[in-house]
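Visitor: I have a model open on my screen and would like to talk through its charged side chains. Could you walk me through a few of them?

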Amino acid sequence: MSHEPTQRHDVIIVGAGPSGLMMALLLAKYGLTSHIIERRAAVLQAPRAHAVNGKTVEICSTAGIPADEIYAAGMPATHGGRVNFWSTLSGTYLGGLAYERQDDAVLEQAAYKLVNISQPQFEAILNRHSQANPHITLSRGAKCSGFTQKPDAVSLQVETQDGQREMTADYLIAADGAGSFLRAAMGIEMHGPDALQHFITIHFHADLSALIKDKPAILHWMMSPEASGTLISYDEGKNWVLMHSCAPGDEDVALYDAARCRALVTGVLGRDDVDFTVKDVSPWVMTAQVAARYRHARAFLMGDAAHRFPPAGGLGLNTGIGDAQNLAWKLAMVKRGLADDSLLDSYETERKAVAEANSGQSLENAMRIIELLGFLLGPDPENMLAHFEDICANAATSHELAAAIAAQKPHFDSLRLQIGYSYGGYDDTALGIDDYRPQMRPGDVVPHHAIKYQGHEISLTEFVQGAGFTLLLRNDIDAPALDANRLRVVKDGVDFNAAKDWSTRLRAHDEDLAALLVRPDGHIAAHFTADALCADNITGALARALEMG
Ligand SMILES: Cc1cc2nc3c(=O)[nH]c(=O)nc-3n(C[C@H](O)[C@H](O)[C@H](O)COP(=O)(O)OP(=O)(O)OC[C@H]3O[C@@H](n4cnc5c(N)ncnc54)[C@H](O)[C@@H]3O)c2cc1C
């Protein structure tokens, strides 16, 4: 990998977090070169995200990262498959819930399962694949300090150890995180509630297995009014983050010396005889915001730079990966002259709607936890501890407590949001967020269906994510003559086979459906009945899909 880029790049990406790295890999898949600028000298060390959902694993796979590599670095469901609520970790167990769908049953609906993997491990995988990719170069320890746009290019000012440099590209991706310098430089506002809650996060190493015993979980919520906080388990319980809610202004790291950190950690553990080593202390402010605009001429916001959610729901990183999937093929089509520049405007329309839904849900999840606290602590501020101790004393038999914990389920089961989002603008809110019902409307993703292609088993959702558009035909339908350079045509029973017949499924969905026109990101651009399946209609639909603004 070159560290001394001299040539003009197709795309410059600021930020080598998950969004920026994934964008580079997807651009490379479509043949575009990119240069990443990252101010950190090394990959992230302190854990943040843990939930990498099935959609993200699928996108990784389409970018050349084998799913097995991600699963091998992740936590098995036996460790990360639940969420627990306690008074303190050595106190009363209040109850628990399954954490998302990590069992095999989900593979009926999704190509891949969600996996808990610490963000540094996930980023290390993305980083490794980026380094091995000849289309990608990366400057670490380099900070973007300004940019200018010209009609046909973007120039960046970059501070490096050797001084300031200028770099030029056709397009700029601002994947520079929640505090995005570039977003501010573009004058783009964030919409939605700011500074909802203030946290101090303490990253520590410890073996807590003696306290957790037979109740391993990805998240342990401590609900005691005397020592509350959320413990996130990483790397099979060797690495922990305590998220402790604090008063506004109290999240100044300077206020957290070793003694105060020790007191907070021992408080949630409920014991002071457990060895642990604090690795990092950092502040964090919870917001639920989405950028007013995602595009500024040749520059695009992506990931946390475009949206910053409460972590409740594990959607932040995953939404950034989805952003990259949506934009990469569009940039490639425009760059190759196959699509109008207006196609790039659809990035904002499509992804902003997803971010708004995810932001709203994450906020709802965070509020629902406050409802649980309200139940546990009672209405009388003078009597919270006694009320809580009373509930703890009857925890094993209390139906009210069981119901209050069961009410948290939407927080930890959001399959529809994770894999079922559509770009069709439909109002699917009548369905629960756990209720993913595969559909085949324009804008929907081609539903998962296990197929065999050249002897390998693959999901149809992934199979259709090629370099360009795909026409997916029912087994009894022939395609009209089409320009093979612009469209890949695949027919059930000829180009792929499935144990459970796909054409029967298509007919069951809609008897008249004969073919789907699918975008490179697996979303349906148009569908056709047998009568309407002619070259003019197909090329017309393709042209509209490439002009949508
Ligand atoms: C405690 C916690 C738990 C979470 N859990 C989950 C979860 O389970 N699932 C989930 O999906 N999300 C989760 N998230 C959210 C997730 O961590 C973020 O959404 C994710 O990191 C966003 O990725 P990104 O690449 O967009 O931005 P970032 O990861 O913030 O990366 C931005 C990069 O840009 C670099 N940068 C910034 N400015 C410049 C500059 N001027 N020049 C050069 N480089 C620059 C930064 O150094 C950084 O490397 C969690 C967050 C927290 C805090």
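Visitor: Which residue forms a salt bridge with Asp413?

Guide: Happy to help, and keep in mind that this is a predicted model. Asp413 sits in the loop between helix 12 (399-406) and helix 13 (415-419), and its partner, 312 residues apart, is in the loop between strand 5 (93-98) and strand 6. The closest N and O atoms are 2.9 Å apart, and the partner is Arg101.

Visitor: Is Asp413 buried or exposed?

Guide: Buried means under 20% relative accessible area. Asp413 has 8% relative accessibility, so Asp413 counts as buried.

Visitor: What separates Glu364 and Arg368 along helix 10?

Guide: These two form a salt bridge, with the closest N and O atoms 3.3 Å apart. Glu364 counts as partly exposed at 41% relative accessibility, whereas Arg368 counts as buried at 14%. Because they are four residues apart in helix 10 (residues 345-377), the separation is about one helical turn.

Visitor: How many residues apart are Arg128 and Glu69?

Guide: Their side chains meet in a salt bridge of 3.1 Å, N to O. The pair links distant parts of the chain, with Arg128 in helix 5 and Glu69 in helix 3 (residues 67-73), and they are 59 residues apart.

Visitor: How many salt bridges are found in the whole structure?

Guide: Beyond the pairs above, Arg8, Asp10, Asp170 and Lys335 are linked in a network of salt bridges. A search of the whole structure gives a total of 26.

Key
Residues numbered from 1 in each chain as written. Predicted model: local features only at pLDDT ≥ 70, side-chain atom pairs only at ≥ 80, totals over all residues. Heavy atoms only, no water. Salt bridge = Lys/Arg side-chain N within 4 Å of Asp/Glu carboxyl O. Helix = DSSP H or I, 4+ residues; strand = E, 2+ residues; numbered from the N terminus. Buried < 20%, exposed > 50% of the residue type's maximum accessible area, 1.4 Å probe, protein only.
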